[in-house]
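I am opening a notebook page for this chain, and I will set down what I looked up in the order in which I looked it up.

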Amino acid sequence: MAAAGVAGRTHAAGDASAPHAAPLGYLAPATSSATAPAPTVASAAATATNIPTGSAAPAGSAEETAADGYVYGYSPVAMARTRADHVCHGGTNALLNVPVLSTPLSQSVVAPNVDTLYSVAWLDLREGPVQLTLPDTTDRYVVFELLDIYSNVFADIGTRLNGSQPGNYLITPPGWNGTVPAGTTAVAAPSWDVWALGRTLVNGDEDLSAARAVQRQYTVATSGLGASGPVPPALPPVDCANPPDPQTPNDGGAEFFDELAAVLAADPPPAADDPALAALASIGVVPGTTPSTGDPATVAALEAGVTAGEAEVQAAAENVLVPSGSWLGSFNGGTYGTDYLVRSAVAVVGLGANVPQESLYYWSGPDLDGEPLTGAHTYRMRFGAGQLPPVDAAGFWSVTMYDEEMFLVPNTLRRYALGDRSDLTVNADGSIDIYLSATPPAGHTANWLPAPDGPFNLMIRAYIPTEPALTNAWHPPAIEMIS
């Protein structure tokens, strides 16, 4: 799945700012040991309904309970670590705008986005609601995705649901019962820590200054309205000299459960999680404690559970993307209920994934003959007449070229993607061909997406997808080798 980095390559991920986690649109950190190669159809022959379950630990043992606890806690710990890095760079309740588009020099994150500018904030609602203000965005696609600390999307504010009109949005903490100011829309957050991810569409280099002008008008500010009722403790202070890596939450062994216990205290989970919390409590993992300092036998079980749980999560991540023709689609992101394994698997592939109704991502598989893609050949993707990626008129689509390591490919045209904003040549029958090769195909430069000399990968982004995409009835075209 999907998802930026202003920070150094080791500590950033996705296509936004300083966090190192990986929303769809973000992706995994470039140098993380957990970063997998681009998914293949063979590795995801199953849908989310047959993601493997169950740990290798003995049934009913403390180790098995710990493994299940690791699966439960993977996403909130990764989110808290993502927040930690951002707080070191920009604090809380302040918006960090990233006013540049990615280039081949952008190697702090894998699969960088060349469609949108990013805006990022981590909100701390313990002193009361925080206000997000958006300007009139006219016909420009904009979205602010809001996620709770458990990586569930609880709101998308922007073009799809709110149109282009200006708006004031009051993000309120759990249980808040204050008075909402006139002319303001209240958005209830299920957790006290909230990740806000803004995306602003750019229509090519010539549109960049106009997009930045819109971006500069976004504001995030505390409201001064105060909290209601009891307030939980804040997440622990961050060691900014050594921020933790969101993509390797297993790196501390049993201390993983210390981090999880801190999240449980700072952001109490929903009632639906009570059975999982009871199981965690049976092995000494309760809110606000440090289970790694417990008795040696329990700590050994926690250590074993981290190892077994990590293996389970990584195995599930291999199957969380859904086949869509010869491609793989991100149909399982955004909200998870009590499906903690899918939640964790999505966090591996693209922490911060939005709901499919807002955005879908497709990863390329092999060519039509089942062979890996390489710039040594020339390929054609033919979108039949009326078969372009099905998106709403207010949305957009693109096809982005990446090298073997999922970075953008240098080329003389400085062309890294083609899509709905490109001046593509249309065939007489209404179809559109996109040519993929390391050298320009004669007569087809307008529709050429330059590839590296060696292996490459493609990603299709579809924002505000319509029903054919959402139901997986539409599939990206097969990639045909023509020379």
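**The open sheet**

I began with a sheet in this predicted model, and I found 5 strands that form an open sheet in the order β1-β2-β8-β4-β5, with antiparallel pairing. I then looked up its edges, which are β1 (96–98) and β5 (153–158), each of them pairing on one side only. Direction ignored, neighbouring strands of this sheet are turned against each other by 15° on average.

For the helix on this sheet I noted α3 (residues 208–215), which packs on the sheet and touches β1, β2 (116–124) and β8 (193–201). The direction of α3 makes about 15° with that of β2.

I also followed the pairing at one edge, where strand β4 (residues 142–147) and β5 pair in the antiparallel sense over 5 bridges. Within this pair I recorded that F144 stands opposite I157 in β5.

**A residue in the edge strand**

I next picked V153, which lies in strand β5, and asked myself whether V153 is buried or exposed. Its relative accessible area is 9%, and the limit for buried is under 20%, so V153 counts as buried.

I then listed what V153 touches, leaving out residues up to four places away in sequence, and I obtained E145, L146, L147, G334, T335, A353, N354 and V355. For one of these, N354, I looked up the separation as well: V153 and N354 are 201 residues apart in sequence, while their C-alpha atoms are 6.4 Å apart in space.

**Two packed helices**

Two packed helices are described by the angle between their axes and the distance between the axes, and I looked up both. Helix α6 (residues 296–317) and helix α7 (residues 340–350) pack at an angle of about 75°, with their axes 8 Å apart. Since angles of 65 to 115 degrees count as roughly perpendicular, α6 and α7 are roughly perpendicular to each other.

On the α6 side of the contact I wrote down E312, V313, Q314, A316 and A317, which meet L341, S344, A345, V348 and V349 in α7. The residues of this contact divide into 7 nonpolar, 2 polar and 1 charged.

**The whole chain**

Last, I entered the totals: the chain has 8 helices and 19 strands, and buried residues make up 57% of its 483 residues. The accessible surface of the chain comes to about 17600 Å², of which 54% belongs to carbon and sulfur atoms.

Technical notes: Residues numbered from 1 in each chain as written. Predicted model: local features only at pLDDT ≥ 70, side-chain atom pairs only at ≥ 80, totals over all residues. Heavy atoms only, no water. Helix = DSSP H or I, 4+ residues; strand = E, 2+ residues; numbered from the N terminus. Buried < 20%, exposed > 50% of the residue type's maximum accessible area, 1.4 Å probe, protein only. Areas by Shrake-Rupley, 256 points an atom, 1.4 Å probe, with all protein chains shown as cover. Pairing = 2+ DSSP bridges. Axes fitted to C-alpha atoms, helices over the stretch in contact; angles between N-to-C directions. Contact = heavy atoms within 4.5 Å. Parallel < 35°, antiparallel > 145°, perpendicular 65-115°, else oblique. Nonpolar A, V, L, I, M, F, W, Y, C, P; charged D, E, K, R; others polar.
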